[in-house]
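Dear colleague,

I am handing over the structure below, and I would be glad if you could look through it before reading my notes. What I found follows underneath.

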Amino acid sequence: MVDKGVAKPAFERGPAKPSVERGPAKPAGVARESRPTPGPLGPRIVQERIGVLLETPGWDDYQLLDSGEGAKLERYGALTVVRPEPQAMVPRRLSADRWTEAGAAFTGDVEEEGPGRWRTAAGIGETWEMAVLGVPFVCRLTAFRHVGVFPEQIAHWSFMAERLRAMAAGGERPRLLNLFGYTGIASLVAAAAGAEVTHVDASKKAIAWGRENQALAGLEAAPIRWIVDDAVAFAEREVRRGRLYDGILLDPPRFGRGPDGEVWSLEADLPHLVDLMRQVLAPGPSFLILTAYAIRASFLSIHELAADLLGHRSGVLTSGELVLLETGATGRPGRRLSTSLYTRFEGAQE
Ligand SMILES: C[S@@+](CC[C@H](N)C(=O)[O-])C[C@H]1O[C@@H](n2cnc3c(N)ncnc32)[C@H](O)[C@@H]1O
């Protein structure tokens, strides 16, 4: 039953089960040189929209059915899944039977890695398929309790696809950079919208999963460069090469590792990375979307970072939280579950 293809992404999105609070331990590895970022690069002229919740009620293939008591019950395609969710402090609304009937539940306590960390109902395999925004992809029960897609990201992906389609309609293929791209769903949505995509991830297994998704989506001929690299090292080279992108997606983990052990720590390394992104973001109506999970910070931290580095450009800077809307008890959008913080810059035509 062990699937050798189970991806072990080089990232962490908070502990799978409650543990003693020790503060973030910086993983051992190759430390990065710290690089100061410039202060504000001019008067702040960007229009700021603060505290905007981007809410997702789900779609045909995804529903947040219920949450509560430290867990959430979700449907990914045909499979219902129970996973830990520290933010779910509310009482559960659906019956205990609905929870116990789930096809897979993350237990996290059986084996170090592999599907043993999941309890599955008879006949449930480790992989299955679903789709988002018309792009099919493979879901997989991973040792890190994730299944290969973060559904709340659909809010960013719809925005991105709309912008890219509008740019592509102008005649030239827009260029998208997807750093920390994971299983490549955003890269495929972007390619389907007409973009030329550069997808970077430190994990060979995540890249292999992305290519598997590309084949499933029938997008083999789409212009996607799949690159196994450290996000910061790659970005530094792109700045030196003078490359420009019309859209940038950044979805960094709190801690991660580059392929050569380079340590990624969001709090320490994000300012330098956003500064690099400022230098590769094309002028005019380009966009940058940054999402941050499992950090002890307000969205104002990443908003102000982006505002310092991009606020001298005209456009709109929107920041807030990505939210899932629960739909299981009533079939209508109900309680909100916050998943992450984001900031999004959209440049104006200059
Ligand atoms: C949480 S996932 C991103 C999710 C994805 N963007 C999405 O929304 O579906 C984080 C990814 O960062 C990658 N990663 C971790 N450290 C990295 C580094 N230093 N350079 C590049 N990628 C890294 C991991 O392999 C993992 O695939």
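A residue is taken to be near the ligand if its C-beta atom, placed from the backbone, lies within 6 Å of it. Please keep in mind that this is a predicted model.

On that basis, 27 residues surround the ligand, and the closest of them are F180, Y182, S203, D251 and G256. By character, this shell divides into 15 nonpolar, six polar and six charged residues. At least two residues of the shell come from each of α3 (185-192), β11 (196-201) and β14 (255-257).

As for the protein chain, it has seven helices and 18 strands, and buried residues make up 43% of its 350 residues. Among contacts between residues at least 6 apart in sequence, 69% join residues that are at least 24 apart.

I also looked at helix α4, which covers residues 204-216 and reaches 18 Å from its first C-alpha to its last, close to the 18 Å expected at 1.5 Å a residue. Which residues of α4 are buried? They are A206, I207, W209, G210, N213 and Q214. Seen down the axis of α4, these buried residues fall within an arc of 160°, so they line one face of the helix. An α-helix has 3.6 residues a turn, so residues three or four places apart point the same way. The buried residues of α4 pack against β9 (135-140) and β12 (224-228), as well as against α3 and β11. Just after α4, G218 takes a positive phi of about 70°.

With best wishes

Methods. Residues are numbered from 1 along each chain as its sequence is written. This is a predicted model: local features need pLDDT of at least 70, side-chain atom pairs count only at pLDDT 80 or more; totals for chains, interfaces and linings use all residues. Helices (H or I, at least four residues) and strands (E, at least two) are DSSP runs, numbered from the N terminus. Ala, Val, Leu, Ile, Met, Phe, Trp, Tyr, Cys and Pro count as nonpolar, Asp, Glu, Lys and Arg as charged, and the others, Gly among them, as polar. The expected span of a helix is 1.5 Å times one less than its number of residues. A residue is buried if 20 or more other C-beta atoms lie within 10 Å of its own, exposed if 12 or fewer, and partly exposed in between; C-beta atoms are placed from the backbone. The arc is that of the directions from the helix axis to the C-beta atoms. Two residues are in contact if their C-beta atoms, placed from the backbone, lie within 7 Å.
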